[in-house]
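Me: I would like to go through the terms used for this model and see what each one rests on. Please set each value against its criterion.

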Amino acid sequence: MLDAEIVVETSFTVGRLKIYFRHRDLMDWVDSLKSLEKGRDTEWLDQGNGPVIEIKVSDEKNGDIDISVTDGSGSGVRVSIPLALDDDWIDRQRDLLNDVLKAWPSEVMETSAGTYTWRQ
């Protein structure tokens, strides 16, 4: 499991949410980036028992998105923030993801959903 934190900070609000995710969740983020690249909405980390990140693409062609973070199993709080994305945002997200994947411990492998063992 990877420990991480979602940080939402604007001039109006600041929020932090600790999250834990698996290697499979990172692969799901790959799929989410592909959806966004095609102009489709996406959800990430929706496991039914933790936070959910929803990204909705604007109907306009200006590259804006609306990101919502919902802490369904904890506080129940939902925060939505509209963002204007730079043209290279998806590429930068892929670069960051690749950095995380390179740092992921290669000595640990998933043998079945949610089951991990040390690589021999």
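Me: Which residues of α1 are buried, and what makes a residue count as buried?

Reply: This is a predicted model. Buried means under 20% relative accessible area. In α1, Asp25, Leu26, Trp29, Ser32, Leu33, Ser35 and Leu36 meet that criterion. They cover an arc of only 155° around the axis, so they sit on the same side of α1.

Me: How do you know that the span of α1 agrees with 1.5 Å a residue?

Reply: The expected span is 1.5 Å times one less than the number of residues. For the 15 residues of α1 that gives 21 Å, and the end C-alpha atoms are 22 Å apart, which agrees.

Me: What do the buried residues of α1 pack against, and what is required for a contact?

Reply: Contact means heavy atoms within 4.5 Å. The buried residues of α1 pack against β2 (14–21), β3, β4 and α2. After α1 comes Gly39, which has a positive phi, near 80°.

Me: How does the reach of α2 compare with the span expected at 1.5 Å a residue?

Reply: α2, residues 89–103, has 15 residues and reaches 21 Å from its first C-alpha to its last, close to the 21 Å expected. Its buried residues are Trp89, Ile90, Gln93 and Leu97. Seen down the axis of α2, these fall within an arc of 90°, so they line one face of the helix. An α-helix has 3.6 residues a turn, so residues three or four places apart point the same way. The buried residues of α2 pack against α1 (23–37).

Me: Which residues on the other side of α2 are exposed, and what is the cut-off?

Reply: Exposed means over 50% relative accessible area. Lys102 and Ala103 are exposed on that other side of α2.

Me: Why is β4 called mostly covered?

Reply: Of the 7 residues in β4 (residues 51–57), 5 are buried. Buried is under 20% relative accessible area, so the description rests on that count.

Me: What makes β3 and β4 a pair, and how many bridges join β4 to β5?

Reply: Two strands pair if DSSP finds at least two bridges between them. β3 (residues 42–44) is joined to β4 by 3 bridges, so the two strands pair, and they run antiparallel. In that pair Trp44 stands opposite Ile53. The two strands form a hairpin with 6 residues between them, and Leu45 in the turn has a positive phi of about 70°. β4 and β5 (residues 64–71) are joined by 7 bridges and also run antiparallel, with Pro51 opposite Asp71.

Technical notes. Residues are numbered from 1 along each chain as its sequence is written. This is a predicted model: local features need pLDDT of at least 70, side-chain atom pairs count only at pLDDT 80 or more; totals for chains, interfaces and linings use all residues. Side-chain values use heavy atoms; hydrogens and water are left out. Helices (H or I, at least four residues) and strands (E, at least two) are DSSP runs, numbered from the N terminus. Buried means under 20% relative accessible area, exposed over 50%, partly exposed in between (1.4 Å probe, protein chains only). The arc is that of the directions from the helix axis to the C-beta atoms.
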